[in-house]
Amino acid sequence: MKTTKTLALLTALFIIFPCFTIAHSQKVKKPVIEPDNYSLTLYGGISQNKKQSSKEIGSSGIIGLRVAYDVNEKLSLGGEVSYNSMRDEIESSSMVQMTYGPRYYVNLSGINSSIFFDVALGGYIYTSEDDRQIAQNNSHDRFDPSDISDRNKINLGLSGSIGGEVSVSKTLGLTVRGSYHGIFEGQKSNNFYTIQGGVRVKL
């Protein structure tokens with residue numbers, strides 16, 4: 001129930017958030033935006049997620065890329081692709097995230113940095129193969145295919161993040177953020193958390 005309420009809140013934020021930021025930006029006169037106002041963010045970090053083979057919480061590595069268009073100095077719209085490796089002693093698994101959504105910046109005067117909030121919606125592609133099944137296949141033993149369930153699946157998911165960025169130059173910034181991911185899986189939902197650090201380059 002708690003996870004369902006969290007996902008409902010993220011859905012509401014995804015709908016309301018861009019409308020609010022665009023409406024707010026229209027009230028304040030903004031400088032002219034250059035046509036090539038794009039940025040790339042390359043990041044890496046760790047993920048805390050529930051293992052598919054048990055109810056235990058495991059850690060794994062994550063790398064990703066975010067491509068964004070800066071609407072103005074406070075709002076950007078971006079797409080993101082990341083890879084999460086979740087291998088353990090039982091399973092060889094991974095997850096690919098492909099999401100899109102807005103990011104809102106709050107500039108901190110005097111220290112050349114900002115904090116930001118973002119929400120994103122998209123697909124989470126999970127693939128897995130049980131290492132015990134691989135060993136069984138290699139030994140040419142008979143097995144029941146029905147024992148393997150949900151090893152490859154695509155689910156809709158939402159994420160919400162808070163982070164900060166320090167500008168090193170006009171085109172380069174260092175970022176860090178923490179994210180919550182909620183994934184819809186039929187009648188239930190799954191969630192995990194990530195902490196990432198990266199480099200943002202304005203093109």
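Analyst: Helices (H or I, at least four residues) and strands (E, at least two) are DSSP runs, numbered from the N terminus, and by that rule His181 lies in strand S7, which covers residues 172-185. The model is predicted, so local features need pLDDT of at least 70 and side-chain atom pairs count only at pLDDT 80 or more, while totals for chains, interfaces and linings use all residues. Residues are numbered from 1 along each chain as its sequence is written, and side-chain values use heavy atoms, with hydrogens and water left out.

User: What makes His181 a buried residue?

Analyst: Buried means under 20% relative accessible area, exposed over 50%, and partly exposed in between (1.4 Å probe, protein chains only). His181 has a relative accessible area of 3%, and therefore it counts as buried.

User: Which residues are in contact with His181, leaving aside its neighbours within four places in sequence?

Analyst: With contact taken as heavy atoms within 4.5 Å, the list for His181 is Gln97, Tyr124, Leu158, Ser159, Asn190, Asn191, Phe192 and Thr194.

User: How do you know that the side chains of His181 and Tyr124 make a polar contact?

Analyst: The term requires a pair of N or O atoms within 3.5 Å, where within protein one must be able to donate a hydrogen and the other to accept it, and where residues adjacent in sequence count only if both atoms are side-chain atoms. The pair joining the side chains of His181 and Tyr124 is at 2.9 Å, so the distance satisfies the limit of 3.5 Å.

User: Why is the pair of Tyr124 and Phe192 called edge-to-face?

Analyst: Rings of Phe, Tyr and Trp (its six-membered ring) pair if their centres lie within 6.5 Å, and planes under 30 degrees apart count as stacked, over 60 as edge-to-face and the rest as tilted. That rule gives four aromatic pairs. One of them is Tyr124 with Phe192, at 6.3 Å centre to centre and 80 degrees between the planes, values that satisfy the edge-to-face condition. This pair links distant parts of the chain, since Tyr124 belongs to strand S5 (residues 113-130) and Phe192 to strand S8 (residues 188-202), 68 residues apart.

User: What makes Tyr124 and Phe192 eligible for a nonpolar core?

Analyst: Such a core is a set of buried Ala, Val, Leu, Ile, Met, Phe, Trp, Tyr and Cys residues joined through side-chain atoms within 4.5 Å. Tyr124 has a relative accessibility of 1% and is therefore buried, and Phe192 is buried as well, with a relative accessible area of 4%. Together with Met86, Met95, Tyr126 and Ile183 they make up the largest nonpolar core, six residues in all. Beyond its neighbours within four places in sequence, Met95 has contacts that include Met86, Tyr124, Tyr126, Ile183 and Phe192.

User: Why is Ser189 called partly exposed?

Analyst: Ser189, found in strand S8, has a relative accessibility of 24%, a value between the two cut-offs, and so it counts as partly exposed. The C-alpha atoms of Ser189 and Gly157 are 9.1 Å apart in space, with their positions 32 residues apart in sequence.

User: How do you know that Asn72 is buried, and which backbone nitrogens does its side chain reach?

Analyst: Asn72 is found in the loop between strand S2 (57-70) and strand S3 (75-85), and its relative accessible area of 9% is why it is called buried. Its side chain reaches the backbone nitrogen of Lys74 at 2.8 Å, and a polar atom of that side chain lies 2.9 Å from the backbone nitrogen of Leu75.
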